[in-house]
Amino acid sequence: MNLKNLTIALTGIAFLFPAAAFAKTVNVKIPVIEKKLIIDNAGTEQEMWTFGGTIPGPLVRVTQGDIVNFTLDNLKTNKQSHSMDFHAAVVDVLDEFGTINPGQTKDFQFSADYPGVFIYHCGAEAMSEHIARGMYGVIIVDPKEGYSEAYPKPDREYVIVQGDLFKEGTSPQDITKNIGKYGNLINGKVFHYDPVHDQNASLALEAKPGERVRFYFVNAQINDSVAFHPIAGIWDRVWDNGNPKNISHGMQTYSVAPAHAVTLDLISPKDRPTNNALVDHQMKNALSGAITILLNHEDANPAFGTNGNLIIREED
Ligand SMILES: [Cu+2]
């Protein structure tokens, strides 16, 4: 997503993370856009449904206690009804999360009371089809107390969302049963950041040796869990659901249920360049697209994983 689209999609989002934040109201407006999207590094296009024109949708980042003032805009050029289900919200499924038709908008508010990382997704019928076609995104709710010994400040941060890819034209009934799945999307593309397994891949994630690299990992698959493992590394810390209170140390593989999310830190050896492959260790998913390469070297791109640039994409 370029800067102009981001500005259109998000208004008033604060990407800063003040140590002692005052609760504020954050306006978030996301249009639903049904469009063809490039779903692999070779440039293959497929008809997808999106929040904001990208998979995943725009990253929403607020601080615990903030009021999110949300507007869903189902463009009149769309054909489908859609809805928004923020997993960070405690509201009424029939009211706030209700479906709207093309040409309609819907506003609702919620208070982001729990810190962590949460998926948002469309809940319109058939929900499995709407999610599988790409209608999901991420909201990070930073803890109101800021960073701490238990939740230290990272050097870089990345968002990784793993989704399904079904053959074009697969029926909603088949999608629900996982029939017709032929690939795994990482931030919207098969092998998005894996030049090892895909010669067309031009991107990898990057960090400097010894940096604390934080991953906000979201499982947007409709049926499959993810066994998230950093090959040649150990998760230094994992916070289940991203909540600083849910801390685990020295984890090898972390299980992430469908529609769940975790925050994980990785620290590479500081005295030499190394590489990691972040995989879904369920091999059927790894080898159909769910591998991400992290390059740890002194010349790491300073713009990757810094200053709000958490979802890495090719420049438009
Ligand atoms: Cu939808």
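Which residue in β18 does Arg212 stand opposite? I started from this pair, in what is a predicted model, and found that Arg212 stands opposite Ile267 in β18. The pair belongs to the antiparallel pairing of β13 with strand β18 (residues 261-267), which I found to extend over seven bridges.

**Entry: strand β13 and its surroundings**

I next looked up the other pairing of β13 and found that seven bridges join it to strand β9 (residues 156-166), the two strands running parallel. Within that pairing I noted Val159, whose bridge partner in β13 is Tyr216. I then checked burial along strand β13 (residues 212-219): seven of its eight residues are buried, so the strand is largely enclosed by the rest of the structure.

**Entry: the sheet of seven strands**

I traced the open sheet that holds β13 and wrote down its order as β11-β10-β9-β13-β18-β15-β16, with mixed pairing among the seven strands. At the edges stand β11 (189-190) and β16 (247-251), and since each has a single partner strand, one side of each is left without a neighbour in the sheet. For the β16 edge I looked up the partner, strand β15 (residues 235-240), which runs antiparallel to β16 and is joined to it by four bridges. Trp235 has Met251 in β16 as its bridge partner.

**Entry: the sheet of four strands**

I also followed an open sheet of four strands, whose order is β3-β8-β7-β5 and whose pairing is mixed. Here β3 (60-63) and β5 (85-86) are the edge strands, each with a single partner strand, so that one side of each is left without a neighbour in the sheet. Between strand β7 (residues 116-121) and strand β8 (residues 136-142) I found six bridges, in an antiparallel arrangement. Ile119 stands opposite Val138 in β8.

**Entry: domains and their contact**

I recorded the division of the protein chain into domain 1 (3-142) and domain 2 (156-296), and noted that their C-alpha centres lie 21 Å apart. The contact takes 28 residues from domain 1 and 30 residues from domain 2. On the side of domain 1 that touches domain 2, I found that β2 (45-51), β7, α2 (127-132) and β8 each supply at least two residues, and that β7 gives the most, with five residues. By residue class, this side of domain 1 divides into 17 nonpolar, eight polar and three charged residues.

**Entry: the largest nonpolar core**

Which residues of the largest nonpolar core touch the most other members? Of its 80 residues, I listed Phe118, Val138, Ile139, Val159, Tyr216, Phe217 and Val218 in that role. Both domain 1 (3-142) and domain 2 (156-296) give residues to this core, so it lies between them. I took Phe118 as a case to follow further and, leaving aside its neighbours within four places in sequence, found it in contact with Phe86, His87, Ala88, Ile139, Val141 and Ala261.

**Entry: Gln199**

Is Gln199 buried or exposed? I first placed Gln199 in the loop between β11 and β12 (205-207), and then looked at its C-beta surroundings, where 10 other C-beta atoms lie within 10 Å. A residue counts as exposed at 12 or fewer such atoms, so I entered Gln199 as exposed. Finally I compared Gln199 with Asn41: the two are 158 residues apart in sequence, and in space they are 8.5 Å apart, C-alpha to C-alpha.

Conventions. Residues are numbered from 1 along each chain as its sequence is written. This is a predicted model: local features need pLDDT of at least 70, side-chain atom pairs count only at pLDDT 80 or more; totals for chains, interfaces and linings use all residues. Two strands pair if DSSP finds at least two bridges between them. A residue is buried if 20 or more other C-beta atoms lie within 10 Å of its own, exposed if 12 or fewer, and partly exposed in between; C-beta atoms are placed from the backbone. A nonpolar core is a set of buried Ala, Val, Leu, Ile, Met, Phe, Trp, Tyr and Cys residues joined through C-beta atoms within 7 Å. Domain bounds come from an automatic or database domain assignment. Two residues are in contact if their C-beta atoms, placed from the backbone, lie within 7 Å. Ala, Val, Leu, Ile, Met, Phe, Trp, Tyr, Cys and Pro count as nonpolar, Asp, Glu, Lys and Arg as charged, and the others, Gly among them, as polar.
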